[in-house]
Amino acid sequence: MFDFAFMQRALAAAVLVGVLCGILGFFVVLRRLAFIGVGISHSAIGGVAIGILAGWNPLLTGAVFAIAVALGIALVSRSDNISEDTVIGVFFSGSMALGVVLFSMKSGYQQDLFSYLFGNVLAISTVELVALACASAVIMVIMLLTFKEHMLISFDEEVAAAYGHKVLAMNVLLLVVLALTVVIGVRLVGLLLIQALLVVPAAIATLWALNFRWQVLLATLIGALSGVVGLVLAYQFDLAAGGSIVMVAVALFFITLLAHFIHRQFRTPPSVSLDQP
Amino acid sequence: MNTLLEPFAYEFFRNGMIASVIVGAVCGYVGVYVVLRRMSYIGHGLAHALFGGAVLSTIVGVNFFIGAGVWALVSAVLIHLISHRRLVGADAAIGVVTTSSFALGVAVVSTYRRFTLDFEAALFGNLLGITPTDLWVIALTSAAVAFVMIVIRHELLFSTFDPEVAPVYGISTGRTELIFILLLAVTVVASTRILGVTLVSAAVVIPPVIGRYLTQRFQTLLLITPVIGAVCAATGMYLSYFIDISSGAMIVLTFALVFFLVGGRRWLRGTR
């Protein structure tokens, strides 16, 4: 199956997106950004629709729009007395509706819309793959360079600020990078499912309770592994690639959860039962 | 004048209009507590999880309301249980449960070979497909949700504003939350026919926020939010007939527009 050029490209994209989502997902889970991840990824569909109608590159407009929404969410939830999760709910459903309305203005939109919502591995071109690889490399370098600073901010924003770190700038950077990652993953798993690749591998890594460096590494490995296995399964059984990649990641999560519980059962010291009357 | 009344001559439009008013009102009412309890993510997650149930019930041939309803109630209980464990962060756990159900739906749809109108309707809603039976189901479930909400209003209010003191007065916050999340699940199921799983959370979240902008009193908020929801939904529905775009999206766009108008007016005045 790897003789096909499209499969080779899809495989490269799966590894790339898996690794990238693993790194970003670590921060998403650590900083409890799961819902903002949903908000950013879902609202990108508004930007994609604008791009298609205006004849620009939909991935570019999608990225710009997603970044704008991320900043808008940060701005409104800072300055107004509505809670952040509510602001996310308002913004993403608004831009989602905008996207659907704009798509429906174009005839024969259904196929197009669905390929952005659920991914379309056949649409990955070589040029795009190279662009995605460059963007991912830049994101990874940025995240690794600012890793320590992000960790410090994750644990105590006030202390980090007292030590002279630019907390606001780093938080904005994280949101921007998140928005870019979402768009990078759109061809592989689609805007509605990219959230799963951010959260699930990182959640699996948390369950193993290793130190943070190992968690990041494990999350990237699991991300890439579920990308590749999911893609192979999708090819064999003729499934949607995005759905099957996420299903593999979720299966890994539940296996880990089971292993975690069994491990905990065995670890319980026997002396506890002796204490009971 | 005739052109303005023209849509009401069609039965499908009248059904859709009634359904969207009911859904707008009940989502707004439930949404007040969703926003105050900061459960927006759970509402969104429930809607997404529902997609798996909707797809499976279409393929197996079970009635949508029964299949998706059972699926949503099970997901609601799961989310409720998981979000109280300290194993993984609550938000990550909700993410895992809901995306797995959603991805299952996507994978199953793709084997089904026909990415047809049924699934588009599950995603974005389809007002034209509202049969009189659907209308009855939507009306009765919404009435039931509103009734239960009114019956448990004291428990809800107390556990929302002071979850620590409420148990002292004999209110089980855990049980109240479970009941509420089940009610939310039922509301989402009743609304997906109109708005679809991707847009339903807008109807739950946006009207209460608009209400919050307009009043500071809780009782007033409870009264005006369903009205805002119903009026916006009716307006969106009505506009979608003339502009010829998906009615679910048009309804949500109306919500968003009103939100930006009301919010923008506050910003201009500089009031907080």
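These are my notes on how chain A and chain B meet, and on one helix pair between them.

**Entry 1, confidence.** I noted before anything else that this is a predicted model. I looked up its scores and found ipTM 0.78 and pTM 0.83. For chain B I read a mean pLDDT of 83, with 94% of its residues at 70 or more. I keep in mind that where pLDDT is low, the predicted coordinates should not be read in detail.

**Entry 2, the interface.** I looked up how the two chains touch: 52 residues of chain A contact 49 residues of chain B. The buried area between chain A and chain B comes to about 4500 Å². Carbon and sulfur atoms give 74% of that area. On the chain A side, I found that Val90(A), Phe114(A) and Phe118(A) supply 11% of what chain A buries against chain B, more than any other three residues.

**Entry 3, one helix pair.** I then turned to helix α4 of chain A, residues 84–105, and helix α9 of chain B, residues 173–214. Their axes come within 8 Å and cross at roughly 130°. That angle is neither over 145 nor in the range 65 to 115, so I recorded α4(A) and α9(B) as oblique to each other. The crossing of α4(A) past α9(B) is left-handed.

**Entry 4, residues in the crossing.** From α4(A) I listed Thr86(A), Gly89(A), Val90(A), Phe92(A), Ser93(A), Met96(A) and Ala97(A). They meet Thr198(B), Leu199(B), Ser201(B), Ala202(B), Val205(B), Ile206(B) and Val209(B) in α9(B). Sorted by class, this contact has 9 nonpolar residues, 5 polar residues and no charged ones. I marked Val90(A), since it is in this list and also among the three residues named in Entry 2.

Methods: Residues are numbered from 1 along each chain as its sequence is written. Chains are lettered from A and ligands numbered from 1 in the order in which they are written. This is a predicted model: local features need pLDDT of at least 70, side-chain atom pairs count only at pLDDT 80 or more; totals for chains, interfaces and linings use all residues. Side-chain values use heavy atoms; hydrogens and water are left out. Axes are lines fitted to C-alpha atoms, for helices over the stretch in contact, and angles run from 0 to 180 degrees between N-to-C directions. Helices (H or I, at least four residues) and strands (E, at least two) are DSSP runs, numbered from the N terminus. Angles under 35 degrees count as roughly parallel, over 145 as roughly antiparallel, 65 to 115 as roughly perpendicular and the rest as oblique. A crossing is left-handed if the near helix is turned anticlockwise from the far one by less than a right angle, and right-handed if clockwise. Contact means heavy atoms within 4.5 Å. Ala, Val, Leu, Ile, Met, Phe, Trp, Tyr, Cys and Pro count as nonpolar, Asp, Glu, Lys and Arg as charged, and the others, Gly among them, as polar. pLDDT is the predictor's confidence in each residue, from 0 to 100. Buried area is the accessible area (1.4 Å probe) that two parts lose on being put together, summed over both.
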